[in-house]
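Okay everyone, thanks for coming. Let's put the model up on the screen and walk through it together.

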Amino acid sequence: MSRSRERDGSWTLLTGHGHVLVEIARNPGARIRDISAAAGITERTAQAIVADLEAAGYLTRTRTGRRTRYTVNPDNSFRHPAQEGLRVGPFLAVLAASSDAAEPGSAACSRGSPTAAAPAHHDRAGPGTPGPGRSR
């Protein structure tokens, strides 16, 4: 556990829904198993959250063979009245970009645009290679 988490308790700024949406924005081809691990929740909880996000229009699911691919709707607005009229796309872009900067050479750097409507295939560049829409 990081020092800041030890000092400040165990809460996080984002809800489980936020963590799942960010992970899907980073990796539209992720499996529920991968999403749950990244968000620190059970697979069952991740499945329920994905269903909530889909029902609310934040993402769509597309089956390709045995795999599911997610597409985030960056134009959807936040649900809380305090953020009325604000779209989730810029928020997700900031979180994905900060993750890329924090983990140079990691798999996060090779993922596509965090809010893009994902194409049927997903370009996977090598470590340290900018992905689509990214510059050095």
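So, which helices each supply at least two residues of the lining of the largest pocket? Helix H2, residues 16-26, is one, and helix H4 (43-55) and helix H5 (88-102) are the others. Keep in mind that what you're looking at is a predicted model.

Let's stay with that pocket for a bit. Its volume is about 390 Å³. There are 17 residues lining it, and the closest to the centre are Thr15, His17, Gly18, Leu21 and Phe78. If you sort the lining by chemistry, you get 10 nonpolar residues, 5 polar ones and 2 charged ones.

Now zoom out. The protein chain has 5 helices and 2 strands, and if you start at the N terminus, the order reads α-α-α-α-β-β-α. The chain is 136 residues long, and 32% of those count as buried. And take the contacts with a separation of 6 or more: 38% of them link residues 24 or more positions apart.

Next, the inside. Nonpolar side chains in soluble globular proteins tend to be buried together. Here, the largest nonpolar core has 19 residues, and Val20, Ile24 and Ile35 are the ones that touch the most other members. H2, helix H3 (32-39), H4, strand S2 (67-72) and H5 each give two or more residues to this core. The largest share is from H2, with 5 residues.

Let's look at H2 itself, then. Its buried residues are Gly18, Val20, Leu21, Val22, Glu23, Ile24 and Ala25. At the start of the helix, a side-chain oxygen of Thr15 comes to within 3.2 Å of the backbone nitrogen of His17. As for Ile35, leaving out anything up to four places away in sequence, it touches Val20, Glu23, Ile24, Ala30, Ala46 and Tyr70.

Okay, two residues I'd like you to find on the screen. Start with Tyr58, in the loop between H4 and strand S1 (59-64). Is Tyr58 buried or exposed? It's buried, because its relative accessible area is 7%, and the cut-off for buried is under 20%. Who's around it? Beyond its neighbours within four places in sequence, Tyr58 is in contact with Leu21, Leu53, Thr71, Val72, Asn73, Asn76, Ser77, Phe78, Arg79 and Val88. With Ser77 there's a polar detail too: the side chain of Tyr58 reaches the backbone oxygen of Ser77 at 2.5 Å. And look across to Gly89, which is 31 residues from Tyr58 in sequence, while their C-alpha atoms are 9.9 Å apart in space.

The second one is Arg67, over in strand S2. Arg67 counts as partly exposed, because its relative accessibility is 43% and that class runs between 20% and 50%. Which residues does Arg67 touch, not counting those up to four places away in sequence? They're Gly29, Ala30, Arg31 and Thr62. Follow Gly29 for a second: along the chain, Gly29 and Arg67 are 38 residues apart, and their C-alpha atoms are separated by 7.8 Å. A polar atom of the Arg67 side chain lies 2.7 Å from the backbone oxygen of Gly29.

To wrap up, keep an eye on H2 when you go back to the model: it helps line the largest pocket, and it gives the largest share of the core. That's me done, thanks!

Notes: Residues are numbered from 1 along each chain as its sequence is written. This is a predicted model: local features need pLDDT of at least 70, side-chain atom pairs count only at pLDDT 80 or more; totals for chains, interfaces and linings use all residues. Side-chain values use heavy atoms; hydrogens and water are left out. On a 1 Å grid over the protein atoms alone, a cavity is a set of points where a 1.4 Å probe fits but cannot get out, and a pocket is an open set with protein on both sides within 12 Å along at least five of seven lines; lining residues have an atom within 4 Å of a point. Grid points are joined across faces, edges and corners, and a volume is the space filled by probe spheres set on the points. Helices (H or I, at least four residues) and strands (E, at least two) are DSSP runs, numbered from the N terminus. Ala, Val, Leu, Ile, Met, Phe, Trp, Tyr, Cys and Pro count as nonpolar, Asp, Glu, Lys and Arg as charged, and the others, Gly among them, as polar. Buried means under 20% relative accessible area, exposed over 50%, partly exposed in between (1.4 Å probe, protein chains only). Contact means heavy atoms within 4.5 Å. A polar contact is a pair of N or O atoms within 3.5 Å; within protein, one must be able to donate a hydrogen and the other to accept it, and residues adjacent in sequence count only if both atoms are side-chain atoms. A nonpolar core is a set of buried Ala, Val, Leu, Ile, Met, Phe, Trp, Tyr and Cys residues joined through side-chain atoms within 4.5 Å.
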